[in-house]
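Please read the following alongside the sequence and the 3D view. The account begins with a term for solvent exposure, then goes through charged pairs, a sheet and a buried acid.

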Amino acid sequence: MIRPAALTLSMLLMTSIAAAAPPQPERFGQTADGQAVHRFTLKNAKGVVAKIITRGATLTELHVPDKSGQTADVVLGFDDVAGYESEGNQYFGCTAGRVANRIAKGRFTLDGKDYQLAINNEPNALHGGVKRSFDKVVWQGVGVETPHGPGVRFAYVSPDGEEGYPGKLTSVVTYSLNDKGELRIEYEATTEGATPINLTNHSYFNLAGEGSATVLDHTLQVAASKYTPTDDTLIPTGAIESVEGTPLDFRKATRIGDRIEELTETANLGYDHNLVLDGTAGELRKIATLKDPASGRTLTVHTTEPGVQFYSGNFLMGQTGKGGKAYPHRSAICLETQHFPDSVNHPQFPNTVLRPGQTYRHTCVYTVSAE
Ligand code: GLA
């Protein structure tokens with residue numbers, strides 16, 4: 001006969017063994033130049049499943065049940081590494097860096113020295129460069145138990161001078177998923193030489209399921225009273241203006257399609273704006289709620305960052321994604337929590353320069369649910 005005390009002890013032991021087994025990598029494929037790419041799967045008790053690969057520390061799948069329990073994958077992506085290496089990949093799900101978003105003419109001056117980055121978004125530098133930007137390199141990944149649930153920790157050491165940036169930079173990105181549906185992304189970085197840094201996640205969400213025709217029926221609410229107006233190359237003028245009376249006012253939940261046409265003829269081609277978030281940067285606060293009324297799926301976003309780039313997939317062009325599905329114009333949106341674009345050239349914007357001895361930290365939590 002098993003005594004109750006013994007049973008309790010062995011059950012406890014089993015629980016702790018189960019809880020301590022971190023997610024294991026599986027082979028996802030290899031890059032064109034022969035590097036192995038691995039994938040980690042995070043699951044919660046509510047049927048949410050997130051898959052993340054080592055190339056670009058990229059979120060490739062996020063399965064979420066709707067209000068009737070029907071599950072769909074709500075992020076755009078590809079079935080294999082070749083897809084991620086193809087022209088059709090517009091930063092789907094990746095970790096963008098070393099500096100996400102734009103730097104005017106790819107130029108900046110730091111501590112009296114001038115730097116020139118590659119121009120990959122005429123006439124500017126975008127999302128960290130051409131060949132060795134953070135979305136394209138293979139990170140080292142390891143499954144971990146975090147205080148926020150099972151997770152995967154990715155590390156990448158970017159050498160001094162890579163993609164034209166100064167300073168050897170060590171970045172660590174940790175994804176975790178818990179039973180509240182919180183997909184938490186924590187960024188940390190340290191450097192051996194002063195460098196600008198701005199890391200973000202570039203997931204494209206369609207809460208009706210990736211491959212659905214449009215995202216214009218989703219409603220969005222963003223706690224942002226201000227935004228950074230830009231020139232016609234999407235570089236901030238330096239001003240910070242009120243969203244009042246503009247199509248960027250999402251302080252009340254609004255259908256994305258309601259006012260987007262007012263922006264189609266602008267340089268932004270739709271929504272492609274940095275919103276200045278209310279509240280105190282550095283504190284984790286709820287900044288956005290995205291809803292698909294038909295499925296009831298909801299995404300809320302919390303961040304410690306001062307801004308969010310709200311991008312409505314204006315460059316999506318019907319490329320073929322997962323399972324042969326097409327991703328048409330405006331069929332997904334990105335909510336990229338980050339510092340403001342071109343901050344390194346705007347001393348009045350929150351600082352993006354990281355120096356030796358300092359630690360860069362950024363938390364973004366994407367919480368999925370259905371109601
Ligand atoms: C960001 C930019 C957009 C576009 C996408 C990637 O969100 O702001 O203009 O370049 O990345 O296609």
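A residue counts as buried when its relative accessible area is under 20%, as exposed when it is over 50%, and as partly exposed in between. The model described here is predicted. In it, Arg361 has a relative accessibility of 56% and therefore counts as exposed.

The side chain of Arg361 forms a salt bridge with that of Glu188, at 3.7 Å from N to O. Arg361 belongs to strand β29 and Glu188 to strand β14 (residues 182-191), so this pair links distant parts of the chain, 173 residues apart. Glu188, with a relative accessible area of 40%, is partly exposed.

Both strands belong to one open sheet of nine, in the order β11-β12-β13-β14-β29-β23-β22-β17-β20, with antiparallel pairing. The edges are β11 (140-146) and β20 (254-255), each of which pairs on one side only. On the other side of β29 from β14 in this order comes β23. Seven bridges join β23 (residues 297-303) to β29 (residues 360-370), and the two strands run antiparallel. Leu299, for instance, has Val368 in β29 as its bridge partner.

Asp66 lies in the loop between β4 (58-65) and β5 (71-73). Leaving aside residues up to four places away in sequence, Asp66 touches Ser295, Arg297 and Ala370. Which side chain of opposite charge is nearest to the buried Asp66? That side chain is Arg297, 4.1 Å away, and Asp66 has no salt bridge. The cut-off for a salt bridge is 4 Å between a side-chain nitrogen of Lys or Arg and a carboxyl oxygen of Asp or Glu, which is why a distance of 4.1 Å does not qualify. The side chain of Asp66 does reach the backbone nitrogen of Ser68, at 2.9 Å.

Elsewhere the structure holds salt bridges, 16 in total. One of them joins the side chains of Asp111 and Arg355, at 3.0 Å from N to O. Asp111 sits in the loop between β8 (107-110) and β9 (113-116), and Arg355 in the loop between β28 (353-354) and β29, so the pair ties together parts 244 residues apart in sequence. Asp111 is exposed, at 58% relative accessibility, while Arg355 is partly exposed, at 33%.

Glu210 and Lys325 form another salt bridge, their closest N and O atoms being 2.6 Å apart. Here too the partners lie in loops, Glu210 between β16 (200-201) and β17 (219-222) and Lys325 between β25 (319-320) and β26 (326-327), so that parts 115 residues apart in sequence are tied together. Glu210 is buried, at 8% relative accessibility, whereas Lys325 is partly exposed, at 33%. Finally, Glu26, Arg39, Lys51 and Glu61 are joined into one network by salt bridges that share partners.

Key: Residues are numbered from 1 along each chain as its sequence is written. This is a predicted model: local features need pLDDT of at least 70, side-chain atom pairs count only at pLDDT 80 or more; totals for chains, interfaces and linings use all residues. Side-chain values use heavy atoms; hydrogens and water are left out. Two strands pair if DSSP finds at least two bridges between them. Helices (H or I, at least four residues) and strands (E, at least two) are DSSP runs, numbered from the N terminus. Buried means under 20% relative accessible area, exposed over 50%, partly exposed in between (1.4 Å probe, protein chains only). Lys and Arg count as positive and Asp and Glu as negative; His and the chain ends are not counted. A polar contact is a pair of N or O atoms within 3.5 Å; within protein, one must be able to donate a hydrogen and the other to accept it, and residues adjacent in sequence count only if both atoms are side-chain atoms. Contact means heavy atoms within 4.5 Å.
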